[in-house]
Amino acid sequence: RSEKFETMATRTRHEYLKDLVTNHSTNSVVDSGQKFSIFSKKKEKIRPRFLPDASQRGAILWQVLLDDSGQSQQIECFLGISADTLVLIEEQSRQIVFVSPCKSILGWSPQTNSLRIYHHQGECLIIHIKDNNCERDELMEIVERLKAVTQGVKVEDLSLKRNIMKQLGFHVQPDGIVTLVESSGPASEQGLKQNSRL
């Protein structure tokens, strides 16, 4: 770019602005209140659309109640799920109550107003949605986020009956991974598959 052209362009802009101010401006005051009185309804607060996918790197937060079975009470918490971490932070003290990498989440089981989240070696935590009157189904939002950022799955309950030899028809490792499901056995008939986790 030439310095001569830059100087000319700047001078031209200044001349246009001077012309605009002197020939096309007014002294009347513009009211800074409502722009259009016919639209004077109170504007409703619009929540952004929920996007659960893993491209949302930061944590998405929900207000939940965590069951503390040791104290027989519920703790008000923030549940945060990022692309790599699930964390529960107590609302009042702002202390971390629970943290786990997303890769340690095994699965979840949604109930009417609660969600069981299974992690690590089958440990379970139970959370409840704090605001039942919410316009969005926050429980389903949490499940969608878990689907997007973990390798876990929805937990299924299976009722297995033993065969004549009092066996269930599958073999399992100590960490809960099913290694073998006998074909036409009780477990196979109920839908248990190899590599499932108990």
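Helix H2 of this predicted model has eight named positions in its buried set: Glu138, Leu139, Glu141, Ile142, Val143, Arg145, Leu146 and Val149 are buried. The cover over these buried residues of H2 includes strands E1, E2, E3, E5, E6 and E7. An α-helix has 3.6 residues a turn, so residues three or four places apart point the same way. The helix has 12 residues, and its end C-alpha atoms lie 17 Å apart; a span of 16 Å is expected at 1.5 Å a residue, which agrees.

The largest nonpolar core has 24 residues, and those that touch the most other members are Leu79, Ile81, Leu88, Leu115, Ile127, Ile142 and Leu146. Two or more residues of this core come from each of strand E1 (60-68), strand E2 (73-81), E3, strand E5 (105-110), E6, E7 and helix H2 (138-149). With five residues, H2 gives the most to this core. Leu146, listed among the buried residues of H2, is in contact with Ile81, Leu86, Ile105, Trp108, Leu115 and Ile117 when neighbours within four places in sequence are left aside. A second core, separate from this one, has five residues, among them Val178, Val181, Ala187 and Leu192.

Strands E5, E6 and E7 are linked by antiparallel pairing. E5 and E6 run antiparallel and are joined by five bridges. Ile105, a contact of Leu146, has His119 in E6 as its bridge partner. Three residues lie between E5 and E6 in the hairpin that they form. E6 also pairs with E7 in the antiparallel sense, here over six bridges. Within this pairing, Ile117 stands opposite Leu125 in E7, and Ile117 is also in contact with Leu146. E6 and E7 likewise form a hairpin with three residues between them.

The turn of the E6-E7 hairpin contains His120, whose phi is positive at about 50°, although His120 is not a glycine. The loop that holds His120 runs between strand E6 (114-119) and strand E7 (123-129). His120 has a relative accessible area of 48% and is therefore partly exposed, since the exposed class begins over 50%. A positive phi also occurs at Arg94, another residue other than glycine, with a value near 65°. Arg94 is placed in the loop between strand E3 (85-90) and strand E4 (96-101). The relative accessible area of Arg94 is 55%, so this residue is exposed.

Towards the C-terminal part of the sequence, helix H3 (residues 186-190) contains Pro186. Pro186 counts as buried because its relative accessible area is 15%, under the 20% limit. Leaving aside neighbours within four places in sequence, the contacts of Pro186 are Leu160, Lys161, Arg162, Asn163, Gln167, Leu168 and Gly169. One of these residues, Arg162, is 24 residues from Pro186 along the chain, and the C-alpha atoms of the two are separated by 6.6 Å. Ala187, which belongs to the second nonpolar core, also falls within the residue range of H3.

The cysteines were also examined. A disulfide is a covalent bond between the sulfur atoms of two cysteines. With sulfur atoms required to lie within 2.5 Å, the count of disulfides is zero. Cys77 is buried, at 0% relative accessibility, whereas Cys124 is partly exposed, at 35%. The position of Cys77 falls within the range of strand E2 (73-81), and that of Cys124 within strand E7 (123-129).

Taken as a whole, the protein has three helices and 10 strands. Their order along the sequence is α-β-β-β-β-β-β-β-α-β-β-β-α. Of its 198 residues, 27% count as buried. Among contacts between residues at least 6 apart in sequence, 39% join residues at least 24 apart. The protein exposes about 15,100 Å², and carbon and sulfur atoms supply 50% of this area.

Key. Residues numbered from 1 in each chain as written. Predicted model: local features only at pLDDT ≥ 70, side-chain atom pairs only at ≥ 80, totals over all residues. Heavy atoms only, no water. Helix = DSSP H or I, 4+ residues; strand = E, 2+ residues; numbered from the N terminus. Buried < 20%, exposed > 50% of the residue type's maximum accessible area, 1.4 Å probe, protein only. Contact = heavy atoms within 4.5 Å. Areas by Shrake-Rupley, 256 points an atom, 1.4 Å probe, with all protein chains shown as cover. Core = buried A, V, L, I, M, F, W, Y, C linked by side-chain atoms within 4.5 Å. Pairing = 2+ DSSP bridges. Expected span 1.5 Å × (residues − 1).
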